[in-house]
Amino acid sequence: MHIHWGIFSLALPWLVGASSTLFQGGTIIAFDPNTESLRVIRNGSILVENDRIQTVAESGAHISVSNDTEVVDITDKILAPGQISTHWHGWQTAFKTLGSNASLVEYFNRFGEFVAGGLFTPEDVYVGQLAGVLESLNAGVTTILDHAHHTWSNATAAAGLQASVDSGGRVFWAYGFHNITNLNPPFLVEEQLRNFRDLALNGSYKNSPVEIGVAYDSFGPNPNVEEVKAVIRTAEECNASVITSHCLQGPWGVDNSPEDLAALGILNHSIPIVLSHASFLSASGAQLLRSTNQYISITPESEMFYGYGDFSSHLIQDQASLGVDTHFAFSADMLTQTRIWLREARARLFAPVLERWQVPGPNPMSVNQAFLLSTRHGGLALRREDLGVLVEGAKADLVVWNAKDAPGMLGWNDPVAAVVLHAGVGDVEAVMVDGEWVKKGGRLVFEGYYDAFRERFLSSARRIQAKMLATPSVFPGVGEVFPLSGVLRPEVIRIFVRMRLERCVARTHDALPNIVDAVQKVRMIILRQPVRHVCSWCVMDVVAKVWASPAELHPALAGIKVFHLSSVCLEKNSSVLLGTNAASAFHLITVSVTIVGQTLWPFAVTPDLDFLGRPAALPPKKQQQQYQDDDQ
C-alpha cells in the first residue's frame with residue numbers, strides 16, 4: 001500500500017510562528033533552579049528567541065525586541081511550561097472507546113502489541129500516531145515518551161516515526177523491540193535492530209523536536225542475555241536518548257525491575273532509563289533507582305483503570321514522573337493524570353494515620369509537588385534540565401491557560417492550584433513547542449486537521465473498529481447490575497489480605513503472628529464450578545514464598561488450612577511463563593487463595609466481617625493496638 005505522507009511531511013505545517021515571541025502581562029509559573037522550586041511572577045514577561053527562552057522578566061522590566069517580534073498579550077492569563085508524559089502508546093488511537101471496560105488481561109489479549117499487529121497497515125499506524133500526538137498537544141502536553149510497540153514491520157515502524165515528526169510535538173520515540181512470531185512473515189528482534197539502525201542513520205527526525213529511543217520489555221526475570229546486549233549496544237551506537245520498559249512485577253510476571261537491570265549491569269547506564277508503572281516496586285528496587293538516578297513513570301489513571309495496582313509509587317516520588325499510557329481507553333491529557341495522582345498519593349499517605357485510629361494533621365502532598373511531577377520531573381526522567389520548566393535557556397515549550405475567560409477558573413489566586421485543580425483541556429488557549437505554535441486561539445494549527453486529516457483518520461479507525469467489534473470480548477464485563485448490594489464484596493478482603501501479607505513478609509517474619517488471627521477469620525468457600533481461564537501471569541509472587549506447608553514460612557502459620565484445588569484447570573495464556581510450577585500453585589494457604597481475582601478463582605465470604613477480615617465488633621482501642629502491632 002502506498003502511504004501518502006507527503007502532503008503533511010513535506011510542508012511541515014507545524015512550523016508556524018515568528019523567530020521571536022514576547023509574552024507579556026500575565027502570571028508566569030516559572031522555575032527557580034537555585035531552590036528547585038516554582039517561582040510565580042505576576043504581570044511578568046517571557047521572551048522566546050528561536051527554540052529557547054531568552055528572558056524571564058519580573059513586572060515592570062523592559063525587554064528590548066526587534067520589529068518582527070510577535071507580541072502576545074496574556075493579561076489575566078497563566079503562562080506555564082508544557083506538560084510531559086513519560087509513558088504513552090500513540091498508535092492505538094483507532095481503538096477509542098472500545099476498551100472502556102477492559103481489564104489488563106483483556107488489554108493483553110485484545111489491544112496489545114502481540115495481537116493487534118494484523119489489524120494495522122502502515123497508513124493506519126501513521127494516522128493513528130499523528131492523531132494521538134495532536135490530541136495531546138491540544139491538551140497542553142508538549143513532550144511525550146512514546147513506548148512505540150507498533151514495530152511489526154519496517155514500514156509500520158517508519159510510519160510511526162514519521163507521524164511523530166509531522167505532528168510538531170516533542171516526541172521521544174522509543175522503538176519497541178519484541179519478537180513478533182504470529183505474523184507472516186515474523187518480525188524478530190534481530191531484524192528490528194537493523195531497521196532501527198536504518199531509521200537512526202536516515203535521520204529524518206533530526207530537524208524536528210523528535211528524538212529516538214529504545215523500548216524493551218525482556219530485561220527480566222529470565223532475560224536472553226545476548227539479545228539484551230545487542231539491544232543496548234545498538235542503543236549506544238545510534239545515540240538513543242532514552243531506554244524505557246514496562247515494569248509490572250507482582251502477579252503479572254513482567255518484571256523488568258531495577259534489580260533485573262542492575263543484575264545485567266545496565267541500570268547505571270549513561271542513557272536515561274524510565275521504568276513505566278513499577279506498581280510493585282520493592283524497597284531494594286527503589287534504592288537502586290535513587291543510587292543510579294533513574295526514574296519511574298506513574299500512570300495513575302491506567303493503573304486504577306486496568307486493575308494492575310499502584311502499591312508503592314507514592315514512596316518513590318523523588319524519582320518519579322507521570323504518564324498517560326493507553327489514551328484510547330481514557331484521558332490523553334496530563335492534567336487528568338496529575339489530578340488523579342494527587343488524590344491517590346494523598347489517600348495512600350493518609351491511610352497509615354487513619355489505620356492507627358488517629359486524625360491526620362498537615363496534608364502530606366502539595367499541589368506544587370503534583371505540578372512538578374507532570375513537568376519538571378518529566379524532564380529529569382529524560383535527563384533534560386531544559387524541559388518542563390520556564391527558565392532562561394530552557395526549551396520554549398509553553399502553554400497559555402485562558403484563566404481570564406474560563407468559568408472554572410474564575411476568582412483564581414494561586415496559578416498552580418488554578419491549573420492543577422480547576423482548569424480543563426478546553427482552557428488551553430495556545431501551545432508552543434520548540435518556539436513554534438502548535439495551537440493558537442484555541443485551535444490546532446496543523447494544516448488540514450479539522451477536515452482532510454480527520455476524514456483520513458476516521459476512515460482508518462472505522463475499518464479497524466469494525467473488525468474489533470466483530471470479535472467478541474473474552475471478558476464481557478459486569479453490565480449495569482451492582483452485585484452483592486449492601487454486602488461486603490469479597491475483592492476488598494482479598495486486596496487487603498494481599499497487601500498485609502506482602503508487607504509483613506517484606507519487613508520481618510516476626511510480624512506474621514500478629515495477622516494470623518485476622519487471616520483465619522476470612523472464611524472461604526471455593527465454588528465447585530471448574531475454572532476456565534487462568535492467565536499465566538496472574539500467579540502472585542507470594543506463591544514463591546509460601547510452600548505446600550505454610551509452617552515452612554513461619555511456625556505461627558501452621559494452623560492455617562491448605563486448599564488442594566485439584567479441579568482447577570490451567571490454560572497457558574500468551575507467551576508469558578508461570579512464575580512458579582503448577583503444583584505449588586495449587587497448594588496455597590488461605591491468604592494466598594484470597595489474592596487471586598474473582599474471574600479466576602471465584603469464592604464467597606461470610607458477611608459478618610469488617611473490611612479487614614476481622615469481626616466487625618472489634619473495640620476501637622484494641623483495633624488501634626492491632627494496627628500498631630502490624631506495622632512493627
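**Exercise 1. In which loop is the place of P185?**

Solution. The model is a predicted one, in which local features need pLDDT of at least 70, side-chain atom pairs count only at pLDDT 80 or more, and totals for chains, interfaces and linings use all residues. Residues are numbered from 1 along each chain as its sequence is written, and side-chain values use heavy atoms, with hydrogens and water left out.

Step 1. Helices (H or I, at least four residues) and strands (E, at least two) are DSSP runs, numbered from the N terminus.
Step 2. P185 lies in the loop between β8 and α6.
Step 3. The bond that joins N184 and P185 is a cis peptide bond, with omega about 5°.
Step 4. A second cis peptide bond runs from G220 to P221, with omega near 20°; P221 belongs to the loop between β9 and α7.
Step 5. Most peptide bonds are trans.

**Exercise 2. Assess the confidence and the overall make-up of the chain.**

Solution. Step 1. pLDDT is the predictor's confidence in each residue, from 0 to 100. Its mean over the chain is 79, and 73% of the residues reach 70 or more.
Step 2. Residues 1-17 have a pLDDT below 50; beyond near neighbours in sequence, this stretch has 41 contacts in the model, a contact meaning heavy atoms within 4.5 Å. Residues 485-632 also have a pLDDT below 50, with 218 contacts beyond near neighbours in sequence.
Step 3. The chain contains 20 helices and 21 strands.
Step 4. Of the 632 residues, 57% are buried. Here buried means under 20% relative accessible area, exposed over 50%, and partly exposed in between (1.4 Å probe, protein chains only).
Step 5. Among contacts between residues at least 6 apart in sequence, 75% join residues at least 24 apart.

**Exercise 3. Describe the sheet that begins with β6 in its strand order.**

Solution. Step 1. The order of this open sheet of eight strands is β6-β7-β8-β9-β10-β11-β12-β13, with parallel pairing. Two strands pair if DSSP finds at least two bridges between them.
Step 2. β6 and β13 (320-322) are the edge strands, each pairing on one side only. On average, neighbouring strands are turned by 25° against each other, direction ignored.
Step 3. Four bridges connect β6 with β7 (residues 141-148) in the parallel sense; W88 has D146 of β7 as its bridge partner.
Step 4. β7 and β8 (residues 170-177) run parallel and are joined by six bridges, and I144 stands opposite V171 in β8.
Step 5. β8 is in turn joined to β9 by six bridges, again in parallel, with I212 of β9 as the bridge partner of W173.
Step 6. Burial completes the picture. Six of the six residues of β6 (residues 83-88) are buried, so this strand is largely enclosed by the rest of the structure. Five of the six residues of β9 are buried, so β9 is also largely enclosed.

**Exercise 4. Determine how α6 and α7 pack, and where α7 lies on the sheet.**

Solution. Step 1. α6 (residues 189-202) and α7 (residues 225-237) pack at about 5°, their axes 10 Å apart. Axes are lines fitted to C-alpha atoms, for helices over the stretch in contact, and angles run from 0 to 180 degrees between N-to-C directions.
Step 2. The two helices are therefore roughly parallel to each other, the term for angles under 35 degrees.
Step 3. V189, L193, F196 and R197 of α6 meet E227, A230, V231, T234 and E237 of α7. These residues divide into five nonpolar, one polar and three charged.
Step 4. α7 lies across β8, β9 (211-216) and β10 (243-247), and runs at about 170° to β9.

**Exercise 5. Is A332 buried or exposed, and which residues does A332 touch?**

Solution. Step 1. A332 is located in the loop between β13 and α11 (334-355).
Step 2. Its relative accessible area is 5%, so A332 is buried.
Step 3. Leaving aside residues up to four places away in sequence, A332 touches E135, S136, V141, V324 and H327.
Step 4. A332 and E135 are 197 residues apart in sequence, yet 7.0 Å apart in space, C-alpha to C-alpha.

**Exercise 6. Characterise the backbone and exposure of D76 and T97.**

Solution. Step 1. Most residues other than glycine have a negative phi.
Step 2. D76, in the loop between β4 (70-73) and β5 (78-81), has a positive phi near 70°. D76 is partly exposed, at 45% relative accessible area.
Step 3. T97, in the loop between β6 and α2 (104-110), has a positive phi near 75°. T97 is exposed, at 58%.

Key. Parallel < 35°, antiparallel > 145°, perpendicular 65-115°, else oblique. Nonpolar A, V, L, I, M, F, W, Y, C, P; charged D, E, K, R; others polar.
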